[in-house]
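I am keeping these notes for a reader who has not met this structure before. Each entry says what I looked up and what I found.

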Amino acid sequence: MPGMNSGLDPSDPTLEAAFRSALLHQGLIAAGVFVLLLLLWGASRNWVPEQAAATAGSRGAAEPAGRRVLRIGFGLLWVFDGILQAQPKMPGGLPSQVIESAAQASPRWVQDVVNVGGTIWSNHPITAAAASVWIQVGIGVWLLVAPRGRWSRAAGLASVAWGLAVWALGESFGGIFAPGLSWLTGAPGAVLLYCVAGALIALPPRVWGTARIGRLLLAGAGVFFIGMAVLQAWPGRGYWQGTAHGQPGTLAGMVDGMAQASQPHVLSAMVASFGAFDTAHGFAVNLFVVIVLAATGAGLLSGRRRLIRAALIAAAVLCLADWVLVQDFGFLGGLGTDPNSMIPTLLLLAGGYFALTPLPAADQRAAAETAAPAVDADPAAAEPAAPATAPAASGNWRGWLRPERAQAALAAVGIQTVTALGAVAVVAIGAAPMAAASVNRTADPILAEAIAGYSPPLDMAASPFSLTDQHGRTVSLASLRGKVVLLTFLDPVCTNDCPLIAQEFKAAGALLGPQDSKVDLVAIAANPTYYGIQFTQAFDQQEGLNAVPNWLYLTGPLTQLQQIWAKYGIDVQDLPAGAMSAHNDLAFVIDRAGIIRQEISDDPGPGTTSTQSSFGALLAGDAREALSQ
């Protein structure tokens, strides 16, 4: 999957430092937004009569217990997931270590879809990783601070929207199209359960006023458990065997892999012990799981309180056992991004059970009277009655400008509304850069900087030269005065690094746009044997450079080339086994006055699509800076 790997080490210190810096800067912005909103809210209290504020704060129906379980539980999960996304190795490691591994067993079309997200992440690792942190933390806080009203329902919808994106692009649709699908290993994807919870939270208040929503949720869970039992019992999928052809079976193999992950010894020992037990008793383990899943589903479908409670107890025991012994808590070892599917499953079941108890009659009436009763959660949802002098809500927009109307609106704004607004701002802090990155196909220069290392600014005269270009014309450094020169050294018969560097220069020219006419892309031949003009011409044709108007590939007598190599610190040696030469890869940014402003190691490193694009962006950025001087 070409977009899944930038080729860099996930623990690269440049990436980690840039990620920490991005989180710090965006965190300060988020904190500033919260402080500003609180200051504005506090100041607005001076304009609101105390009686109006007290009346506004006292209104609103109680939140149903089932909905509260879902809102708080999944709010905490989103915050926890956001914290996991802040792991230092996340920018460089998520596509190759998490997303790609989840997609490898899926059909080609799934891989193509997932590769879109992986490519965005690989091209913009810092932006994508930081955005994921703030979007998930923001959604979690939003759910926690908005207990009712339109703000609360909007938080549920935000959870659905982001969850679906993660489910498709990050979890490969939960692996539902891959062989070996099993409830034990997390099917149909943990984040899909977040989406279900978000959809339930977004339902109108009147839906939660009766026990019907609880019965439907538990019945749906019952059907799901029975379906998973059938899938688990299906023959030929490897779950009935502890071993197969001398190798661990499907479940035992996965558990053994989890036991190898870096974690406390007591946990790895537990997981390894269960893996050994399943290897020895695979049939019995799978039979037990199938029976418990089927019995739990039947109990949830029965509609009888006693059987439902028994089914919930059985589900809780099985979920917790699977979470510890099979899923290994979901986030231990590697780059865990969430606690996997068992905790969300338990929260949905708990929400359904508590929803079986209907709201008191008074709260049911309040829920039926308004779709969003709580003013603290939504100032427009339950506006207090305006004074007699206030204009009627007759569509006269001038009425909103009257002081009485403004006071009524401000009275309806509570601290929960303010914190909900702050949470929305946190989501926006992540979502805006992510949206910009998703439409920007040019990789971030940070990848090239991680490969090349830090290059301090320079201020030294470039050594002069006078050589022949690929068209037979004499070109000197003096003749290029007035333009910025991006200079490098390429072996015309090289088959590895030099073609990649040439493409990076070509990409830099394309990124410069109209400024490209003010920049010359220059290469000097770096081979002591094959340096003739016929070789530079062949190289240009091979790499499509003969159509680039400001591309110059220079050569000349060997003695002259050797002098230029020495002046620019290029060490060129013949390789004993072939025509290619060995030389260090350097690029120079020379300003319009002939002064070297930057010396960059342009070794292409892993040479992935992302790193090539990144070097192009880095060179283009340095050229723009030189043009501005």
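## Entry 1: A nonpolar patch

I began with the surface of this predicted model, where Val-223, Ile-226, Val-230, Trp-234 and Leu-301 make a nonpolar patch of about 460 Å². When I asked which element gives the patch its largest share, I found helix H9, residues 212-233, which contributes three residues. Trp-234 I located in the loop between H9 and strand E1, which covers 243-244. I noted Trp-234 as exposed because its relative accessibility is 53%, and the cut-off for that word is over 50%.

## Entry 2: Confidence

I then looked up how far the predictor trusts the model, and found a mean pLDDT of 88 for the protein, with 88% of its residues at 70 or more. Comparing the elements, I found the lowest mean pLDDT, 53, in helix H2 (residues 50-57), and the highest, 98, in strand E8 (residues 551-554). I also marked residues 370-395, over which pLDDT stays under 50, and for which the model has 64 contacts beyond four places in sequence.

## Entry 3: Cysteines

How many disulfides does the structure hold? My search gave zero, and I went on to look at individual cysteines. For Cys-498, the closest cysteine sulfur is in Cys-494 at 3.6 Å, which is too far for a bond, because a disulfide needs the two sulfur atoms within 2.5 Å. I recorded Cys-498 as buried, its relative accessible area being 1%. Cys-319 is also listed as buried, because its relative accessibility is 0%.

## Entry 4: Backbone angles

Before the next search I reminded myself that most residues other than glycine have a negative phi, and that most peptide bonds are trans. Against that background I noted a cis peptide bond between Ala-187 and Pro-188, with omega at about 5 degrees. Pro-188 has its place in the loop between helix H7 (149-169) and helix H8 (190-201).

Ser-172, found in the loop between H7 and H8, has a positive phi of about 55 degrees although it is not a glycine. Is Ser-172 buried or exposed? I found a relative accessible area of 0%, so Ser-172 is buried.

His-245 is another residue other than glycine with a positive phi, near 55 degrees, and I placed His-245 in the loop between E1 and strand E2 (247-248). With a relative accessible area of 86%, His-245 is exposed.

## Entry 5: Salt bridges

I searched the whole structure for salt bridges and found eight. One of them joins the side chains of Arg-108 and Asp-112, at 3.4 Å from N to O. Arg-108 and Asp-112 are four residues apart in helix H5 (residues 108-123), so about one helical turn separates them. Arg-108 is exposed at a relative accessible area of 56%, whereas Asp-112, at 40% relative accessibility, counts as partly exposed.

Next I looked at Arg-473 and Asp-469, whose side chains meet in a salt bridge of 3.1 Å, N to O. Here Arg-473 counts as partly exposed at 49% relative accessibility, while Asp-469 counts as buried at 0%.

How far apart are the closest N and O atoms in the salt bridge of Asp-591 with Arg-597? I read 2.8 Å. Asp-591 counts as buried, with 7% relative accessibility, and Arg-597 counts as partly exposed, with 22%. I also noted a network in which salt bridges that share partners join Glu-63, Arg-67, Arg-68 and Arg-71.

## Entry 6: Gly-66

My last look-up was Gly-66, which is found in helix H3 (residues 65-84) and counts as buried because its relative accessibility is 1%. Which residues is Gly-66 in contact with, leaving aside its neighbours within four places in sequence? I listed Trp-208, Gly-351, Phe-354 and Ala-355. I also wrote down a pairing with Ala-211, which is 145 residues from Gly-66 in sequence and 9.8 Å from Gly-66 in space, C-alpha to C-alpha.

Key. Residues are numbered from 1 along each chain as its sequence is written. This is a predicted model: local features need pLDDT of at least 70, side-chain atom pairs count only at pLDDT 80 or more; totals for chains, interfaces and linings use all residues. Side-chain values use heavy atoms; hydrogens and water are left out. pLDDT is the predictor's confidence in each residue, from 0 to 100. Helices (H or I, at least four residues) and strands (E, at least two) are DSSP runs, numbered from the N terminus. Contact means heavy atoms within 4.5 Å. Patches are made of residues with over 30% relative accessible area and no salt bridge: like charges are joined within 9 Å, nonpolar side chains (Val, Leu, Ile, Met, Phe, Trp, Tyr) within 5 Å. Accessible areas come from the Shrake-Rupley method with a 1.4 Å probe; for residues, only the protein chains shown count as cover. A salt bridge is a side-chain nitrogen of Lys or Arg within 4 Å of a carboxyl oxygen of Asp or Glu. Buried means under 20% relative accessible area, exposed over 50%, partly exposed in between (1.4 Å probe, protein chains only).
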